[in-house]
Amino acid sequence: MSANFEVKGSIAVITLNNPPVNGLGYATRLGIFEGLKKALTKRAVKAIVITGAGKAFSGGADIKEFNTPKSAAEPNLHSVIAAIEGADKPVIAAVHSVAMGGGLELALACHYRVASPGAQIALPEVKLGLLPGAGGTQRLPRVVGVETALNMIVSGNPVPSEKLAGTKLFDQMIEGDLMTGAIAFAEKVAAVRPLPLVRDIKIDYPNHEAYFQFARNTVGAMSKNFPAPLKCVDCVAAAASMKFDDGLKVERDNFLALMMTTESRALRHFFFGERAASKIPDVPEDTPKRPIKSAAIIGAGTMGGGIAMNFANAGIPVTVLEMKQEALDKGLATVRKNYENTMKKGKLTQAKFDERLGLIKGTLSYDEIKNADIVIEAVFEEMGVKEKVFSKLDQVMKPGAILASNTSTLDLNKIAAFTKRPQDVIGTHFFSPANVMKLLEIVRGEKTAKDVLATTMALSKKIKKTGVVSGVCDGFIGNRMIEQYSRQAGFLLEEGCLPEQVDKAIEKFGFAMGPFRMGDMAGNDIGWAIRKRRYAERPDMKYSKTADKLCEMGRYGQKTSAGWYDYKPGDRKPYPSQLVNDMIIQHSKDIKVKRRKISDREIVERLVYAMVNEAAYILEEGIAQRASDIDMVYLTGYGFPLHRGGPMLYADTVGLPNVVAAMKKYAKGRHGEFWKPAPLLAKLAKKGKTFN
Ligand SMILES: NC(=O)c1ccc[n+]([C@@H]2O[C@H](COP(=O)([O-])OP(=O)(O)OC[C@H]3O[C@@H](n4cnc5c(N)ncnc54)[C@H](O)[C@@H]3O)[C@@H](O)[C@H]2O)c1
């Protein structure tokens, strides 16, 4: 049992003991339940204190038991709460450090609550697409008031306990030793009858209808793809207008309904997927790591500067190396400007600004970086340039330094072979803007040492990125899939769509930006350069030529104020371009494709299933370790809609047999070969299985 029981004089103390945060798993619940029984039968015990050992009162549900039968096994949280409410001796919650979710709901069922200042108080269930399901929506408004409770439940954000002092949530704040104070409080109330219960508090909220209408409008506008926040409003409204037990029923029904939604499933998938991504099956978590106390970046271009900022933000000194003073000055000026903008927005203090800039140095000499613990190369995407840089790094860097490349497409094994220490070489594929985007693809070369991989994974956490391991292949996980998506987008233009229709359809599906707006933002010339290489290397791979024609017209995107769309100076808003649309229509004529009306559904299916099919190859080849890793790449680096949980979970939700059936339909059109299901996809669909 994960709860301790002891008797101190006339007070029984039940201490939850399930590190790290006293999650309310089966053994902990049983411990509380049994402890209560014991305390109620012992005549000498006059009152009961419940508290948590270590760093929390309780963080709520035990995530290790999520989705397992143990999470609902008796005594479940409802039974524990009923036992506390039914106790004929006073039960006092002694809250400290963290009381969240089910932990706070447990405390709310106690007759009294005392707390230390500085405890984080929250009902964060909404962040998993749910709502507090053990009375939280009914009891919290009764003690802190409707408006504070609603804010806490809808946002899920923690509030420090001292801010809630003076509400009925806490009967006493305890400044000194919590246990001493809690026991003294328990002795004081031991004989008081009747026992107070939060459920008996009447909510007096005369203007509730107008307030809840206002709340529904604001919450609805802010949470458009997620049903849970509005359901939280419904439950708090029930607390304000119904009898307690009727309100509880509303909460229960809504909780169960939310549990079944694809949106909650997607949020839970993301929560667990991020944790799973950091696990590498053949690299145990206790693998020794190399210390990273200093870093160096080669190249101060678009990526180099942003990557350097990540290290400075994490307090790690970083030196940026360039070939020429001019390029170095330009790169460092961009970094300074980025920090200045953050400061102007009030998100960075002058002191932090000085500290961070002070951690970034520029140099033209390899001598000044040779002692860095990690060096990340972000020079031009050409093998010849990479060769020069890595040969030099091999000569100068201290033994044991990690040599990383930010290449987006080149063969990491070849890059590693330019050195005599391929075991120290790894890929760290950042996404633009590198100081903002959460994703870090960590590319594991054939010879990358396990401690280098473990160190880089730990570093990704330190610099607040979601690290996902990818094997070596062209484009790794993310760009390899996006290439198929882009190819489909091009074919759609040839067959009848215009850029705006494609972008709008996929944006309505939930993508942050459609492929053509994205191309204009990133620069269409980048894809052009990659395609030119493809035409030489893989003549079998067909592309629409519309994108090449666009680049031949000099329309590189926002940077030339013209791309798939027209742009006005100083304005990033895309305006449909007659010139481009005429070019697309003429191109269809030239290649003798009869244009037709294409539905939004077809657009979305073709773009998304093209990625899903490539992802199935990626999974089968072992490039990705697990399906959820692919989803993490797309959710954190490519703007895939969070409420759909990533391409793989989305395909699972649609049903893989349905995905395959749609692909068969599209195979009857042009490019039939494109739609051949990957063997893994075909196999899973046939067996009625899923990726995740
Ligand atoms: N731009 C992106 O969105 C993006 C995203 C992910 C990865 N990448 C990859 O990051 C790398 C850099 O891309 P970028 O967009 O920052 O390019 P960039 O052209 O903006 O910057 C490259 C910088 O490297 C410097 N440089 C070139 N050769 C050098 C050398 N031998 N020694 C020192 N400095 C040298 C150049 O002067 C330039 O400032 C490429 O491998 C690219 O594929 C780019």
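Here are some worked exercises on this predicted model.

**Exercise 1. In what order do the strands of the six-stranded open sheet run, and which strands stand at its edges?**

Step 1: Follow the sheet across. The order is β1-β2-β3-β4-β6-β9, and the pairing is mixed.

Step 2: Look at the two ends of that order. β1 (3-8) and β9 (172-173) each have a single partner strand, so one side of each has no neighbour in the sheet.

Step 3: Zoom in on the β9 end. β6, residues 112-115, pairs with β9 in the parallel sense, over two bridges. Here valine 114 sits opposite glutamine 172 of β9.

**Exercise 2. Work out how the three-stranded open sheet is put together, and find which helix packs on it.**

Step 1: Get the order. It goes β5-β7-β8, again an open sheet with mixed pairing.

Step 2: Pick out the edges. β5 (98-100) and β8 (159-160) pair on one side only.

Step 3: Add the helix. α3, residues 102-109, packs on this sheet and touches β5 and β7. The direction of α3 makes about 90° with that of β5.

Step 4: Check one pairing by hand. β7 (residues 120-122) and β8 run antiparallel and are joined by two bridges. Isoleucine 121 has valine 159 in β8 as its bridge partner.

**Exercise 3. Describe the shell around the ligand: how many residues surround the ligand, and which parts of the chain supply them?**

Step 1: Count the shell. 21 residues surround the ligand, and the closest are Met303, Glu322, Glu381, Lys386 and Ser408.

Step 2: Sort the shell by character. It splits into 10 nonpolar, eight polar and three charged residues.

Step 3: Trace the shell back to elements. α11 (302-313), α14 (383-396) and β15 (425-430) each give at least two residues. The largest share, three residues, comes from α14.

**Exercise 4. Which atoms of glutamate 322, lysine 386 and valine 379 lie by ligand oxygens, and how much of the ligand's area does the protein cover?**

Step 1: Start with the side chains. Glutamate 322 has a polar side-chain atom 2.5 Å from a ligand oxygen. For lysine 386, a polar side-chain atom lies 2.7 Å from an oxygen atom of the ligand.

Step 2: Don't forget the backbone. Valine 379 has a backbone N or O atom 3.3 Å from an oxygen atom of the ligand.

Step 3: Turn to the area. On its own the ligand has 830 Å² of accessible area, and the protein covers 80% of that.

**Exercise 5. Find the cis peptide bonds that precede proline 75 and proline 433, and say where these prolines lie.**

Step 1: Take proline 75. The bond from glutamate 74 to proline 75 is cis, with omega near 0°. Proline 75 falls in the loop between β3 (47-52) and α2 (77-86).

Step 2: See what else touches proline 75. Leucine 30, in helix α1 (residues 26-41), is in contact with Met1 and Pro75, leaving aside its neighbours within four places in sequence.

Step 3: Place leucine 30 against alanine 3. They are 27 residues apart in sequence but 8.1 Å apart in space, C-alpha to C-alpha.

Step 4: Move on to proline 433. Serine 432 and proline 433 are joined by a cis bond with omega about -5°. Proline 433 is in the loop between β15 and β16 (439-443).

**Exercise 6. What is unusual-looking to check at asparagine 22, and where does asparagine 22 lie?**

Step 1: Read off phi. It is near 55°, a positive value in a residue other than glycine.

Step 2: Locate the residue. Asparagine 22 is in the loop between β2 (11-16) and α1.

Conventions. Residues numbered from 1 in each chain as written. Predicted model: local features only at pLDDT ≥ 70, side-chain atom pairs only at ≥ 80, totals over all residues. Heavy atoms only, no water. Pairing = 2+ DSSP bridges. Helix = DSSP H or I, 4+ residues; strand = E, 2+ residues; numbered from the N terminus. Near = heavy atom within 4 Å. Polar contact = N/O pair within 3.5 Å; in protein donor to acceptor, adjacent residues only side chain to side chain. Areas by Shrake-Rupley, 256 points an atom, 1.4 Å probe, with all protein chains shown as cover. Nonpolar A, V, L, I, M, F, W, Y, C, P; charged D, E, K, R; others polar. Contact = heavy atoms within 4.5 Å. Axes fitted to C-alpha atoms, helices over the stretch in contact; angles between N-to-C directions.
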